[in-house]
Amino acid sequence: MNQFTVSSSPHITARKTTHTVMRDVLISLAPASIAAIVIFGWYSLALITVCIAAAVLSEFLFNIVCKKEQTICDLSAAVTGLILALNLPTSVALWQAAIGSVVAIVVVKCLFGGIGQNFANPAIVARIVLFLSFSDSMAKNPTPTFTLVDSVSGATPLAVLSGLEGELPSMTQLIFGLYGGAIGETCSIALIIGLIYLLCRKVITWHIPITFIATVAILTLGANPIYQVLSGGLLIGAIFMATDYVTSPATPWGKVIFGIGCGLITVLIRVFGNYPEGVSFGILLMNILTPYIEKWTVRRPLGSFSAKKNVKKEGEAK
């Protein structure tokens, strides 16, 4: 006899699954990963490998210990590990990168119930934890080995704009990522290719990345907006972290508000804060506000307001 699954409506099927979405995200991150290895050398590959391996292993062991169904095949842990790795400079030790992956998966994701239950983007929280715990390693910005010189520490474009000594990269260097910074945040062209792929595959919509980037550009019109947009992790944050399904609003207007909020907080931190970089903090703060944004922007059925008023009037009459 055939077995039927009985569940509540809506009964909607779609070809997209967590696995296929995460697979598309990994593909979209491939250009940035390749650029990181070419620009910053083979240590970038080691960072990527360690972060992904630590993330997948952490989720695997957590599921075994807690006697839960294995979820590593949905590729979400691999995506988290890769995004975290691309947000790290080559000055970070491999064991520090592994700790970041464990924090992202175990503390931020698994302890809150797994995928779909985390309150914030795991990679962002892990990056902030590493920044606060290993500030010396995270603050260094080795210059590219692709320039055929030894990798040394140097100021990022945002640090130069904030008053530190250094020289701003040329437009060519800015677009192709030939300056110091996290391994995956410098090559703008690779990140834009990833954005186009995600939009074409309809994995994400334009609302969050475009409003995020546009807000930063508009608010920094008098402070080199091109450098503000193309450096400091804005592109990788707006495209791959702010658009996380779980921690961003689902409604179109909610996404617009979310993107504007991320851009506003980013600029406030960059201009008035002690850190030249504010993307991670901006996204994290807006992640916390996501439930309220969705509540404010959710579409209500026609007549819902009048129905509530009628019920209230009938109750008062009684």
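What follows is a walk through the inside, the helices and a few individual residues of this predicted model.

A good place to start is the middle. The largest nonpolar core has 67 residues, and the members that touch the most others are L86, L88, F212, F240 and I283. Helix α1, which covers residues 18-40, supplies the largest share of this core, with nine residues. Apart from this core lies another one, made of five residues, and F62, A77, I105 and C110 are among them. To get a feel for how the big core is put together, L88 is handy: once neighbours within four places in sequence are set aside, L88 is in contact with L47, C51, A97, L130, M138, A182 and I183.

Next comes helix α14, residues 279-297, which does not run straight. There is a kink of about 50° at L289, shortly before the proline P291. Plenty of this helix is hidden away: V279, S280, G282, I283, L284, M286, N287, T290, I293 and T297 are buried. One of these, I283, already turned up among the core residues that touch the most other members. As for what covers the buried residues of α14, the list includes α5 (122-133), α10 (207-219), α12 (234-241) and α13 (252-272).

Now for the backbone. Most residues other than glycine have a negative phi. Against that background, two lysines stand out. K67 is not a glycine, yet its phi is positive, at about 55°. K67 sits in the loop between α2 (42-65) and α3 (76-86), and it counts as exposed because its relative accessibility is 78%, with the cut-off at over 50%. K202 also has a positive phi, near 60°, and is likewise a residue other than glycine. Its spot is the loop between α9 (188-200) and α10. With a relative accessible area of 64%, K202 is exposed too.

A third lysine, K109, tells another story. K109 belongs to helix α4, residues 94-109. Is K109 buried or exposed? Its relative accessibility is just 4%, and buried means under 20%, so K109 counts as buried. The side chain of K109 has polar partners, though. One polar contact, of 2.7 Å, links it to the side chain of E59, and another, of 2.6 Å, goes to the side chain of S76. Leaving out residues up to four places away in sequence, K109 touches E59, S76, A77, A104, G114, I115, N118 and P122. A77 in that list is also a member of the five-residue core.

F176 is worth a stop as well. This phenylalanine is in helix α8, residues 171-176, and is partly exposed, with a relative accessible area of 44%. Not counting residues up to four places away in sequence, F176 touches I39, C187 and I189. F176 and A190 are 14 residues apart in sequence, and their C-alpha atoms are 7.9 Å apart in space. C187, one of the residues touched by F176, is buried, with a relative accessible area of 9%.

That leaves the cysteines. A disulfide is a covalent bond between the sulfur atoms of two cysteines. How many disulfides does a search of the whole structure find? The count is zero. C66, for example, is in no disulfide, and the nearest cysteine sulfur, which belongs to C110, is 7.9 Å away. C66 is partly exposed, at 35% relative accessible area, while C110 is part of the five-residue core.

Note on methods
Residues numbered from 1 in each chain as written. Predicted model: local features only at pLDDT ≥ 70, side-chain atom pairs only at ≥ 80, totals over all residues. Heavy atoms only, no water. Core = buried A, V, L, I, M, F, W, Y, C linked by side-chain atoms within 4.5 Å. Buried < 20%, exposed > 50% of the residue type's maximum accessible area, 1.4 Å probe, protein only. Helix = DSSP H or I, 4+ residues; strand = E, 2+ residues; numbered from the N terminus. Contact = heavy atoms within 4.5 Å. Bend = angle between axes of the 7 residues up to and from the residue. Polar contact = N/O pair within 3.5 Å; in protein donor to acceptor, adjacent residues only side chain to side chain. Disulfide = S-S within 2.5 Å.
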